[in-house]
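Here are three short exercises to work through with the model open beside you. Try each task before reading its solution.

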Amino acid sequence: MTDQTPQVVRSYLAQLDSALEGIPAELARDIRSGVEEELAGLDAATASERIEELGDPVFIAAEARDAMGTVPARAVVLEAPASSLSASRGFAITAALLVGIGGFIVPIAGWIVGMVMMWMSSAWRRWEKWVATLAIPGAAILAGIVAAIGSALGQPNGEVPIGMLSGWHVFLIGVPSTIVVGIWLLWRARGRVFA
């Protein structure tokens with residue numbers, strides 16, 4: 001592995017090395033090289049997805065022991081590497097829920113807190129964060145434009161009443177868009193490995 005190897009890969013291989021203790025060196029080396037080959041050249045996100053498919057290093061080592069018919073010399077206890085709160089699954093779920101329904105709990109501020117948490121989290125890719133950030137204001141602006149056009153077409157003198165711009169059109173499009181974005185964020189974060 002090189003210096004450019006993602007941290008998630010280095011951590012996974014270190015956990016695998018610890019789990020393979022007590023297995024004959026040649027077999028442990030073969031298993032590690034196979035896993036290392038699977039993860040070589042992948043970016044952090046793709047590597048995280050592949051690591052999830054490979055499974056827990058303890059289970060990989062247990063399968064090797066079962067195949068050999070041996071039991072571990074000592075129990076291997078792996079602790080998850082210390083990670084920040086913003087990298088946890090709970091933080092990502094809370095962020096997505098606040099984006100989706102935070103504005104109903106604490107108007108405007110709940111949504112803003114959800115957006116800040118979403119941007120702090122490593123659960124989503126940058127483009128997903130931008131889509132979530134721009135979708136809700138974009139829907140509200142679109143609703144305002146639709147309301148303005150509809151109002152202008154309905155007025156004989158072409159004047160647009162100010163009340164129509166902030167009326168039920170914005171509400172009917174803006175509210176469901178926050179819920180849809182929150183659900184979309186939860187869906188995009190599913191199955192991702194949280195470092």
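Helices here are DSSP runs of H or I with at least four residues, numbered from the N terminus. Keep in mind that this is a predicted model.

**Exercise 1.** Find where I108 sits, and work out what is unusual about its phi and whether I108 is buried or exposed.

*Solution.* Start with the location: I108 lies in the loop that links α5 (89–105) to α6 (109–120). Next, look at the backbone. Most residues other than glycine have a negative phi. I108 has a phi near 65°, a positive value in a non-glycine residue. Finally, check the surface: exposed means over 50% relative accessible area, and I108 has 62%, so I108 is exposed.

**Exercise 2.** Describe how α1 and α3 are arranged, and which residues meet.

*Solution.* Two packed helices are described by the angle and the distance between their axes. The axes of α1 (residues 7–19) and α3 (residues 44–54) come within 8 Å, crossing at roughly 30°. Angles under 35 degrees count as roughly parallel, so α1 and α3 are roughly parallel to each other. Now the contacts: from α1, V8, V9 and Y12 meet A44, A47, S48, I51 and L54 of α3. These contact residues comprise seven nonpolar, one polar and no charged.

**Exercise 3.** Which helix supplies the largest share of the largest nonpolar core?

*Solution.* First, size up the core: it has 17 residues, and V9, Y12 and L16 are among those with the most contacts inside it. Then trace its sources: α1, α2 (25–39), α3 and α4 (57–68) each give at least two residues. The largest share, six residues, comes from α1.

Terms used. Residues are numbered from 1 along each chain as its sequence is written. This is a predicted model: local features need pLDDT of at least 70, side-chain atom pairs count only at pLDDT 80 or more; totals for chains, interfaces and linings use all residues. Side-chain values use heavy atoms; hydrogens and water are left out. Axes are lines fitted to C-alpha atoms, for helices over the stretch in contact, and angles run from 0 to 180 degrees between N-to-C directions. Angles under 35 degrees count as roughly parallel, over 145 as roughly antiparallel, 65 to 115 as roughly perpendicular and the rest as oblique. Contact means heavy atoms within 4.5 Å. Ala, Val, Leu, Ile, Met, Phe, Trp, Tyr, Cys and Pro count as nonpolar, Asp, Glu, Lys and Arg as charged, and the others, Gly among them, as polar. A nonpolar core is a set of buried Ala, Val, Leu, Ile, Met, Phe, Trp, Tyr and Cys residues joined through side-chain atoms within 4.5 Å. Buried means under 20% relative accessible area, exposed over 50%, partly exposed in between (1.4 Å probe, protein chains only).
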